[in-house]
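This briefing is meant for a reader who is meeting the structure for the first time. Please look over the sequence and the model before going on to the points below.

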Amino acid sequence: MAKSGSDRPFFIGYGKKLPSDIAKLILPVFALFIALFVALSLLLSSSAREAGDGRFRFDLGRQTLAGVLEHHPYPVLRLPAEGSNPATTLIMSGGGKRGAFLDAEEMEGEGVVARGVYLKRGDVTMLQVAGHQSIEASEEKLPADFQPAKPVSMGQWRLSGEICDGKCYVGAMRPGTGLAHKACANLCIVGGVPPVFVSSGDVDGHQFFLLTDKEGNPVNDKVGDWVALFVEAEGEIERLDDLTVFKMDFSTLKVLP
């Protein structure tokens with residue numbers, strides 16, 4: 001420490017000790033800064049949207065499932081009812097940012113055995129397979145009289161919510177929604193992952209909808225500019241076993257404030 005002509009202390013960088021008068025000023029300011037930083041962190045964390053419970057279910061092990069394979073509008077596996085468990089429709093994806101690119105489209109509508117890992121979020125389940133090597137034809141493991149149910153119309157609806165990629169929303173990423181996820185979601189959708197609509201309200205208890213156009217065709221090449229925005233649109237909703245499908249009329253799609 002050195003003193004000026006007025007005997008007022010000041011700090012020099014190579015000094016070993018902070019002058020007491022300066023320390024009395026700096027330490028409270030530093031403590032106040034820390035307190036404000038902690039308070040701001042708590043405020044931001046409390047206002048952040050819940051990431052949800054979506055995740056890979058590696059704890060359930062690798063699944064081997066017998067069902068009927070359908071490719072349109074996106075690859076799904078139709079599983080028959082078993083005991084008290086009703087018939088189920090599983091969305092399918094490939095590894096990484098890819099859809100379930102299956103070179104086995106000749107098996108469309110036929111019985112197969114599929115091997116993969118579950119992703120789950122709430123009551124939504126996806127099966128990730130490792131390409132067509134994970135799919136093989138097999139009618140013998142299905143009930144002889146099994147015929148997948150036809151889609152059931154739930155009428156015309158106007159929904160508000162967010163377009164996401166199905167894989168990350170269900171559990172590959174958390175939260176899998178929102179602007180921070182937009183670029184990642186678009187890469188997944190371009191890669192063939194089925195897009196989904198996550199509604200702010202529910203339809204018969206459902207807030208998650210596989211997304212198609214109003215004719216029921218895939219929309220991977222149409223939704224890029226709309227992903228991760230709060231939007232509104234009209235369209236027909238269909239139920240496919242436990243899976244709901246939103247057949248969106250893109251002419252009604254708009255961004256909400």
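**Briefing on the predicted model**

Pro73 sits in the loop that runs between β4 (63–70) and β5 (76–79), where helices (H or I, at least four residues) and strands (E, at least two) are DSSP runs numbered from the N terminus. The peptide bond leading from His72 into Pro73 is cis, with omega near 0°. This is a predicted model, in which local features need pLDDT of at least 70 and side-chain atom pairs count only at pLDDT 80 or more, while totals for chains, interfaces and linings use all residues. Residues are numbered from 1 along each chain as its sequence is written, and side-chain values use heavy atoms, with hydrogens and water left out.

**Nonpolar core**

- The largest nonpolar core (a set of buried Ala, Val, Leu, Ile, Met, Phe, Trp, Tyr and Cys residues joined through side-chain atoms within 4.5 Å) has 33 residues, and those with the most contacts inside it are Phe197, Phe208, Leu211, Phe246 and Met248.
- Among the elements that give two or more residues to this core are α2 (166–172), α3 (182–190), β11 (195–203) and β12 (206–213), and its largest share, five residues, comes from β14.

**Salt bridges**

- A search of the whole structure finds nine salt bridges, a salt bridge being a side-chain nitrogen of Lys or Arg within 4 Å of a carboxyl oxygen of Asp or Glu.
- Glu70 is paired with Arg78 in one salt bridge, with the closest N and O atoms 3.2 Å apart; Glu70 is buried at 18% relative accessibility, and Arg78 is buried at 1% (buried means under 20% relative accessible area, exposed over 50%, partly exposed in between, with a 1.4 Å probe and protein chains only).
- Glu234 and Arg158 also meet through their side chains in a salt bridge (3.0 Å, N to O), and because Glu234 lies in strand β13 and Arg158 in strand β10, the pair ties together parts that are 76 residues apart in sequence.
- Within that pair, Glu234 is partly exposed at 32% relative accessibility, whereas Arg158 is exposed, with a relative accessible area of 55%.
- Asp213 and Lys222 form a salt bridge in which the closest N and O atoms are 3.4 Å apart; Asp213 is buried at 6% relative accessibility, while Lys222 is partly exposed at 41%.
- Arg55, Arg57 and Asp59 are linked in a network of salt bridges.

**Surface patches**

- A nonpolar patch on the surface, with about 920 Å² of accessible area together, is formed by Leu25, Ile26, Val29, Phe30, Phe33, Ile34, Phe37, Val38 and Leu42; patches are made of residues with over 30% relative accessible area and no salt bridge, with like charges joined within 9 Å and nonpolar side chains (Val, Leu, Ile, Met, Phe, Trp, Tyr) within 5 Å.
- Leu25, one of the residues of this patch, lies in helix α1 (residues 20–47) and is exposed, with a relative accessible area of 58%.
- Glu106, Glu108, Glu110 and Glu139 form a negative surface patch, and Glu139 is found in the loop between β9 (135–137) and β10 (152–165).

**Backbone features in loops**

- Ala228 has a positive phi of about 75° although it is not a glycine; Ala228 is placed in the loop between β12 and β13 and is buried, with a relative accessible area of 9%.
- Asp241, also not a glycine, has a positive phi of about 55°; Asp241 lies in the loop between β13 and β14 and counts as buried at 18% relative accessibility.

Definitions and conventions. Areas by Shrake-Rupley, 256 points an atom, 1.4 Å probe, with all protein chains shown as cover. Lys, Arg positive; Asp, Glu negative; His and termini not counted. Charge placed at Lys NZ, Arg CZ, Asp CG, Glu CD.
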